[in-house]
Structures are given as C-alpha cells and as structure tokens.
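Hi everyone, and thanks for making time for this. Have a look at the structure on the screen, and I'll talk you through it.

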Amino acid sequence: MNRPPGGVPRLAQIPPGVVTLAHPVLLAPVAYQRMAHPDGEFASALAAAVQGAGLVLSTQASVLLEDVARLVLAEPQRGPLWMQLYLQHDRGFTAELVRRAERAGYEALVLTVDAPTSGARDRERRAGFRLPPGVSAVNLAGLPPVTPPALEAGQSALFDGLLRGAATWRDVEWLQGLTRLPVLLKGVLHEDDARQAAALGVAGLIVSNHGGRTLDTAPATAWVLPRIADTVGGGLPLLVDGGIRRGTDVLKAVALGARAVLVGRPYVHGLATAGAQGVAHVLRLLRDEFEIAMALTGCATLAEAGPSLLFGRSAPR
Ligand SMILES: Cc1cc2nc3c(=O)[nH]c(=O)nc-3n(C[C@H](O)[C@H](O)[C@H](O)COP(=O)(O)O)c2cc1C
C-alpha cells in the first residue's frame, strides 16, 4: 500500500477550475434551516467553513445570502461556497438573485432541475405542514406572486400552469450566458441528460434524486452514478448525494465515480441537536470515518478508489 503524501487525502479539480478540498464533503442545500435551530444557515455555514467542507446555500435559505457569504469567506480553511438556484417564474428576479450571489462572493451556481413541483409528500400533508412564523425564504422577498394562467376547459393546472415555469435546456443556456460563475446541474439521473448537459458545457453534475423527496421510486443514486460516469467519462466532474450517512458511503461514492458528495439530513439533525457544534461534529465524524475507510481499503489517494474496490475485477455495468 502506498502512503498518502501529506497524510490527508486531498481532492483536486472540483469545478470551477481547481478547488482542493481537505475532504470530499459538501453540505447540500437544505431550505429553511431556522426551523431546525434559531441560528439556521449561519450555524451550518460556520461549521462547514471551520471543517473545510463545501457549502451549497439553498435559494430558500432563511437568512440572507450576503450574510452567509461574509461569515464563510472570513474563514481561512473554508471549502467552496456555492449558491443553489431554483429558477423563479420571474426570470428578471432570478437574474437579480444571480447578481447578488456574484457580488457576495459565491463561487459557483447549482441549478436544481429535479423539482419543478413538489413530490407527493403524504406525511407532510398529513401533518398539515406550515412554515412557522418568522421563518421564510428571505432571499426571495419581493418576488412578484405567480399569476396562474386562465385555464380553458380540459387544461391542467400542473401541465398548462406550473410547469410553464420549469427549467428547460434553454434556461440552462440562458443562465450560462448570464453569469460568469460556473453552473452545475443538481438532480440529474439519466444518461441522456448527462450527455446533453456535458454538450452544453456545464461545470459539473450533481447526481441526485433530491434525497427521495420529489419522485417516489426514482432510482438510487448509487445505481445511477456509475452509469453516468461511464457516459460522460472523466471530463465532467460528478458529485452525488442521497443517503450518505457514514465515511464508508463517501468512499463508495468516490469508487463509483464521484469527486465529492453532498450530505443533507445528517447535518440538519446535527443542527437541530446542537447548532453549529452539532453540524461540525457530523462533518468531523464523516471525515474521520472516510479516512479510516480509505486506510482500511488500502487507498492512499482518491484516485485509487474505483469500481474494483467494490466489485473486484467484475464490476457490474
Ligand atoms: C428538508 C430538506 C430541504 C431541502 N431543500 C432543498 C433545497 O432548497 N434545494 C435543493 O436543491 N435541494 C434541497 N433538498 C435536497 C438536498 O439538497 C439533498 O439533495 C438531499 O437531502 C440529499 O439526501 P440526504 O438527505 O439523504 O443526504 C432538501 C432536502 C431536505 C431533507
């Protein structure tokens, strides 16, 4: 077994260009974090920065994106700072949101493309979920309300209404033309979409099924990831999320073709339990477990973690 050069597994070339992470973990965009803890996204951002993890701030964050950026950018050992975008029905408003992210110092945009409408969330409906008073998507303040189109007989509120604002490939090109920031797509699960995204020159893909929150029975990302990796080759950086719970999961994701992973629920549990310290603890555990898993599988560097680590020489395709 080779020894890692600096003792720490380094990861290079996450877009844009070359970003070196101390470990391949980012916090996934999760909306309305002040529901979990009064410090909300500030706590998560601070924890990510001090643990050298990346941060992807949700469009539906419950604190101002500028304040989060200031906090993160002040930490010398921080990881990448990215902003997640949901295209709003008002494209002018979306463009201004992009400008704000650029001015604040965000380093990439993550366009979520798998949730033009919410999934059928039975438990949420049964619980009669409502945002508590004082928690809102503050970065969307001032967004003009959606005016539903007048529907004719036989038309559908979903297909002829809501989905008119859903992201299309043209919107991806629009966004790329609008911003100097690299654009990644989050929520890609099909090889054809991966191929098309690569052809448009996106900076990376996040293979994701939104943590199972949009479409029931969508395929597991661990199943899809190696197929997309085969489709796009090594040229397009791939990240993955969904069900990453232990350091071994991080290593398996890398072995299946990801350069980094995002975690969602685990850090929200940490946040709800103990604020910034809770999130930092979750990140530290993941990193320690990941490094132990590398050591115990004989991987001195991430480049050594490929499909054969999981399947021997007969990796299924
Ligand atoms: C409560 C909650 C809110 C979320 N909000 C967003 C969001 O605003 N934007 C987005 O792109 N994804 C959102 N996601 C999806 C996560 O970014 C991520 O894809 C998912 O949580 C990963 O799965 P995991 O929770 O198993 O780690 C949300 C997930 C959860 C659990």
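I'll begin with the whole chain and then turn to a few single residues.

One thing to keep in mind from the start: this is a predicted model. The protein chain is built from ten helices and ten strands.

How does its radius of gyration agree with that of a compact globule? For 317 residues, such a globule would come out near 20 Å, and the protein chain has 19 Å, so the two agree. If you turn the C-alpha trace along its principal axes, the spans are about 65 × 40 × 40 Å.

Now, what about inside and outside? Of the 317 residues in the protein chain, 47% are buried. The surface that the chain exposes comes to about 15,100 Å², and 54% of that is supplied by carbon and sulfur atoms. As for charge, there are 30 positive side chains and 27 negative ones, with the centres of the two sets lying 3 Å apart.

Here is a number I like for the fold. Take the contacts in the protein chain with a separation of 6 or more: 72% of them join residues 24 or more positions apart.

Let's zoom in on helix α8, residues 247-255, where we find V250. Is V250 buried or exposed? Its relative accessible area is 0%, so V250 is buried. Which residues does V250 touch, leaving aside those up to four places away in sequence? They are P24, V25, I244, V261, L286 and F290. You can also look from V250 to L262, twelve residues along the chain: their C-alpha atoms are separated by 9.1 Å.

Next, two residues with backbone angles worth pointing out. Y32 sits in the loop between β3 (25-27) and α1 (40-50). Its phi is near 50 degrees, which is a positive value in a residue other than glycine.

The other one is H210, in the loop between β8 (204-207) and α7 (221-232). H210 is not a glycine either, yet its phi is positive, at about 65 degrees. Where does H210 stand on accessibility? With buried meaning under 20% relative accessible area, H210 counts as buried because its value is 13%.

So, to take away: a predicted model with ten helices and ten strands, a buried V250 in its helix, and two loop residues, Y32 and H210, with positive phi. Thanks for listening, and I'm happy to go back to any part of the picture.

Technical notes. Residues numbered from 1 in each chain as written. Predicted model: local features only at pLDDT ≥ 70, side-chain atom pairs only at ≥ 80, totals over all residues. Heavy atoms only, no water. Helix = DSSP H or I, 4+ residues; strand = E, 2+ residues; numbered from the N terminus. Rg over C-alpha atoms; globule rule 2.2 N^0.38 Å. Buried < 20%, exposed > 50% of the residue type's maximum accessible area, 1.4 Å probe, protein only. Contact = heavy atoms within 4.5 Å. Areas by Shrake-Rupley, 256 points an atom, 1.4 Å probe, with all protein chains shown as cover. Lys, Arg positive; Asp, Glu negative; His and termini not counted. Charge placed at Lys NZ, Arg CZ, Asp CG, Glu CD.
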